[in-house]
Amino acid sequence: MIVFSTLLFQGLVAALWLAGLRFTIRPMAPLTWMLLLLVVIVLPPICVFLSFVGILPVPETWALLRISLWQDAAYSLGWFFAIPFGVLLLGTTGIFVAQELLPTLLSSDRLARKLREVDARLDESLARINVLAEGKGVGKRIAHLKIYRLNSQQPLAALHGLMRPVVLVSDGLLRRLKNDAELDAVVAHEAAHLIAGGNRTFVLVWIFRSVQAFNPLTLVAWRSLILARELAADQLAVEITGQPLDLASALLQRYGSNGDKSDFSFIARTRREITRRAQVSTTRLRVGELLGQGHRALPVPVSLLLAVLLLGGILLWVR
Amino acid sequence: MGQIVFRRLRAGLAALLWTMALVGGLYALDRSLWGERPIAGWQLVSSLDDAAKHVGPIHAPALLPQRFAWPPKQIWVNAETQGWWLEVAARDGVPVLLISGQLASPPAMKAMTGCLRGDCPPEWRSRSRLGQNGKRVFVLVRGTELELERILRGLGH
């Protein structure tokens with residue numbers, strides 16, 4: 001029980017720290033924001049582990065927040081506290097199971113099953129991006145990246161795979177993109193995901209996130225991380241290509257329609273509509289960021305090591 | 001280049017200041033709500049001085065055999081019941097001596113509770129004596145009768 005409470009409290013303190021940091025340091029680069037969110041999700045379980053195995057023991061008398069006392073106070077409120085709080089935690093866990101765990105298990109790599117082919121136009125685009133990335137000093141990280149055309153009418157583009165990631169671009173998206181500049185922007189965006197850590201890092205962070213599936217603040221941090229990851233890839237892609245408008249235009253082409261409407265079951269339609277609305281909202285934000293790139297103050301970089309030390313330093317004293 | 005370094009320093013300083021403010025705020029909130037109340041149940045502390053703050057002076061042995069490593073590997077205190085347990089390990093890290101101020105034990109020591117009443121695991125032996133403050137002290141040793149006798153006799157207070 002105390003492990004559970006400690007995780008909750010540390011998640012709360014980490015979220016508070018991050019919110020304050022975002023307010024204090026402005027404007028914050030999407031890549032920095034992504035890395036800070038990553039730290040906020042990963043550090044609490046590590047600090048709890050270190051505390052409970054006694055690797056970094058902190059005497060309880062010096063603790064910043066004495067969790068056992070907060071827990072006692074919560075217990076003393078009885079059902080008035082227990083019922084809403086229990087509903088909140090169960091609901092959060094339910095969201096994790098329904099929206100993340102089950103879809104991951106059930107879909108079990110849909111993209112891998114679709115037919116993929118080598119495409120000369122895609123290869124040329126990736127070659128152009130490689131040259132540009134080389135000029136920016138990030139070429140090595142994507143030098144061995146491969147790209148394939150995916151046999152799907154849906155407008156898809158993704159960095160796929162953990163060990164040997166490849167970029168997949170669907171027929172549907174290729175048909176929608178207006179020119180090679182837009183295609184380059186899309187390819188640069190997917191390659192940027194690899195530069196920013198790739199799917200392996202993301203899956204690792206998701207494992208830490210799933211340990212805290214009950215924590216509403218971790219849910220918020222995870223959702224923010226998904227968006228921040230896209231914004232960071234947009235930022236890196238623009239740094240590589242130097243063409244924010246092409247990426248903005250490609251994004252609008254990609255999410256410009258409702259896609260396939262052949263499935264008429266109520267659940268499928270509802271789910272598709274929810275996804276579409278989320279995509280519209282995300283796309284609006286991303287396009288807004290891209291259009292504002294030219295006349296915005298330069299983002300402030302924050303050292304990742306400093307962030308880890310500061311937050312880790314606090315969390316170890318929350319026990 | 002200089003501007004980037006300056007902005008990085010400024011951001012680092014802002015992060016540091018905000019972190020310090022948060023630490024101060026959380027500490028003040030916790031202490032203003034709960035004061036310096038003793039923490040319920042058993043807790044590990046880092047030193048005998050720290051333990052004394054919770055449960056008063058602790059009976060530390062004046063003399064220990066060479067093979068024992070001092071200070072104690074673990075110090076458990078219970079501020080509510082004024083209980084304390086010391087676990088001393090041999091130089092190879094294996095626990096060889098337990099000293100307790102009461103029969104109740106922290107969860108980590110549950111397996112040795114029977115030994116306080118004479119039902120000890122193989123190689124272990126136990127004995128108790130009344131301290132000068134009138135409280136009983138229990139000594140559990142993985143060693144010889146002579147070692148047990150000497151440690152018991154050398155306990156302070």
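These are my notebook entries on what I looked up in this structure, which is a predicted model.

**Entry 1: chain A as a whole**

I began with the secondary structure of chain A and found 13 helices and four strands. I then looked up burial: of the 319 residues in chain A, 36% are buried. Next I turned to contacts between residues of chain A at least 6 apart in sequence. I noted that 80% of these contacts join residues at least 24 apart.

**Entry 2: the nonpolar cores**

I asked which residues have the most contacts inside the largest nonpolar core. This core has 81 residues, and the ones I recorded are M34(A), L37(A), V40(A), A191(A) and L311(A). Helix α2 of chain A, residues 30–53, supplies the largest share of this core, with 13 residues.

I also noted a second, separate core of 27 residues. Among its members are I58(B), I75(B), L98(B) and V139(B).

I then went back to V40(A) to list its neighbours, leaving out residues up to four places away in sequence. V40(A) touches A14(A), A15(A) and L18(A), and also A221(A) and L311(A). L311(A) had already appeared in my list of core residues with the most contacts.

**Entry 3: a hairpin in chain A**

I examined strands β3 (residues 157–160) and β4 (residues 166–170) of chain A, which pair in the antiparallel sense over four bridges. For one position I checked the partner across the pair: A157(A) of chain A stands opposite V169(A) in β4(A). The two strands, β3(A) and β4(A), form a hairpin, with five residues between them. In the turn, I recorded a positive phi of about 100 degrees for G161(A).

**Entry 4: the domains of chain B**

I consulted the domain assignment of chain B, which gives domain 1 as 1–37 and domain 2 as 43–153. I noted that the C-alpha centres of these two domains of chain B lie 41 Å apart.

**Entry 5: helix α2 of chain B**

Which residues of helix α2 (residues 48–55) of chain B are buried? I found A51(B), H54(B) and V55(B) to be buried there. Seen down the axis of α2(B), the buried residues fall within an arc of 75 degrees, so they line one face of the helix.

I then looked up what this set of residues meets. The buried residues of α2(B) pack against three strands of chain B, namely β1 (43–45), β2 (74–78) and β3 (83–89). Finally, I checked the position just after α2(B), where G56(B) takes a positive phi of about 80 degrees.

Conventions:
Residues numbered from 1 in each chain as written. Chains lettered and ligands numbered in written order. Predicted model: local features only at pLDDT ≥ 70, side-chain atom pairs only at ≥ 80, totals over all residues. Pairing = 2+ DSSP bridges. Domains from an automatic or database assignment. Core = buried A, V, L, I, M, F, W, Y, C linked by C-beta atoms within 7 Å. Buried ≥ 20, exposed ≤ 12 C-beta atoms within 10 Å, placed from the backbone. Contact = placed C-beta atoms within 7 Å. Arc of directions from axis to C-beta.
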